[in-house]
Amino acid sequence: MKDWTGELRLDLEERLGKTVANNVYFQGALKVMRPVYHDDSGQVCYYILNPGGGYLDGDRYHLHIALEEQARVTLTTQSATKVYKTPQSYAYQETEIFLKAGSYLEYIPDPLIAYQHARYKQKNVIHMDKGATFLYSDIITPGWSPNGERFSYDKVQLINEIYMDDELISFDHIKLNPATQNIEALGFMEGFSHLGSMMVISEQMSPDLLDRLYHALNSKTNAYDIGLSLLPVKGFTLRVLANSTQTIERLFTECHRMISEEWFQKRPSFLRKY
């Protein structure tokens, strides 16, 4: 297993209108549940499990996900990713994703919870063919601390590199470093405690849909703040600042619903485990 704490590989293809795995491999502190089909669309759902219950000092995880043409997959986690104190070396997760033309991947993990003195780095590298569709979200949540501080973790770093036909089309880098920065200040979290990001890339994306998403999500409230931006290719990013995981999940669910109904004429399945 080299120096990986856990490894997971999923290779999926479409067979007679149904997405199935042609290769499933996992070892160490990563596992995957049996496939779930929530409806008759043929789209498959896999839940990723971490039997260890959380990420510890020096843990390293590697995931490899590959979809052949027309494969349709929902990938999520069984529970939140919990990162505990890392006094010697940060916890690290690297995910490589390969999407052939006509494939569709929804990668919707549960929130990342960083506890006191946690250090965590995550890198997602996505290689897409033109005509593939990719929907991804993540939520950064501060964990409980003995003194009640909202930002007791040391550092969380999330990197997303997306390539289309081998050309870099998006590089998204979030780095929150409460150990050396005033995260509460303007330009950082601006008084909020939770940060959510969603990224969607599809040939079906249009400026009109972005406008409708903005009006559907941007109600006048002090409970959250959002930002929507078009990408250089057909796609967008959504950023949400809020004070609860549930607020961000509700906004992401509405965005996901609108996309699924317009592009695939179906409602997304409920994935949460509570």
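Q: How many bridges join strand S9 (residues 104-107) to S12?
A: Strands here are DSSP runs of E with at least two residues, and helices are H or I runs of at least four, both numbered from the N terminus. Two strands pair if DSSP finds at least two bridges between them. S9 and S12 run parallel, and the number of bridges joining them is four.

Q: What kind of model is this?
A: Residues are numbered from 1 along each chain as its sequence is written, and side-chain values use heavy atoms, with hydrogens and water left out. Local features need pLDDT of at least 70, side-chain atom pairs count only at pLDDT 80 or more, totals for chains, interfaces and linings use all residues, and the model is predicted.

Q: Which residue in S12 stands opposite Tyr107?
A: Tyr107 lies on the S9 side of the pairing, since S9 covers residues 104-107 and runs parallel to S12. Opposite Tyr107 in S12 stands Tyr136.

Q: Which residue in S12 is the bridge partner of Ile113?
A: Strand S10 (residues 112-114) also pairs with S12, in the parallel sense, over three bridges. In S12, the partner of Ile113 is Thr141.

Q: Which residue in S15 stands opposite Ser137?
A: S12 and strand S15 (residues 194-201) are joined by seven bridges and run antiparallel. Strands of a sheet pair through backbone hydrogen bonds, in either the parallel or the antiparallel sense. Opposite Ser137 in S15 stands Met198.

Q: How many residues of strand S12 (residues 133-142) are buried?
A: Buried means under 20% relative accessible area, exposed over 50%, and partly exposed in between (1.4 Å probe, protein chains only). Thr133, Leu135, Ser137, Ile139 and Thr141 point one way from S12; Phe134, Tyr136, Asp138, Ile140 and Pro142 point the other way, and all are buried. The rest of the structure therefore largely encloses S12, with a buried count of 10 of the 10.

Q: Which strands stand at the edges of the open sheet?
A: This sheet has seven strands in the order S2-S1-S5-S8-S11-S13-S14, with mixed pairing. Each edge strand has a single partner, so one side of each is left without a neighbour in the sheet: strand S2 (18-28) and strand S14 (167-176).

Q: Which residue in S11 stands opposite Phe98?
A: Strand S8 (residues 91-99) and strand S11 (residues 119-128) pair in the parallel sense over nine bridges. Opposite Phe98 in S11 stands His127.

Q: What arc do the buried residues of helix H1 cover?
A: The buried residues of H1 (residues 207-217) are Leu209, Leu210, Leu213 and Leu217. On the other side of H1, Pro207 and His215 are exposed. The arc is taken from the directions from the helix axis to the C-beta atoms. The buried residues lie on the same side of H1 because their arc is only 100 degrees.

Q: What covers the buried residues of H1?
A: The cover includes two strands and a helix: strand S16 (224-230), S17 and helix H2 (245-264).

Q: Is Thr237 buried or exposed?
A: Thr237 sits in strand S17 (residues 235-242). Leaving aside neighbours within four places in sequence, Thr237 is in contact (heavy atoms within 4.5 Å) with Met198, Met199, Gly227, Leu228, Ser229 and Leu231. At 17% relative accessibility, Thr237 counts as buried.

Q: How many disulfides does the structure hold?
A: A disulfide needs a pair of cysteine sulfur atoms within 2.5 Å. The total is zero.

Q: How far from Cys45 is the nearest cysteine sulfur?
A: Cys45 is buried at 1% relative accessible area, and Cys255 is buried at 0%. Cys45 is in no disulfide; the nearest cysteine sulfur is that of Cys255, at 19 Å.
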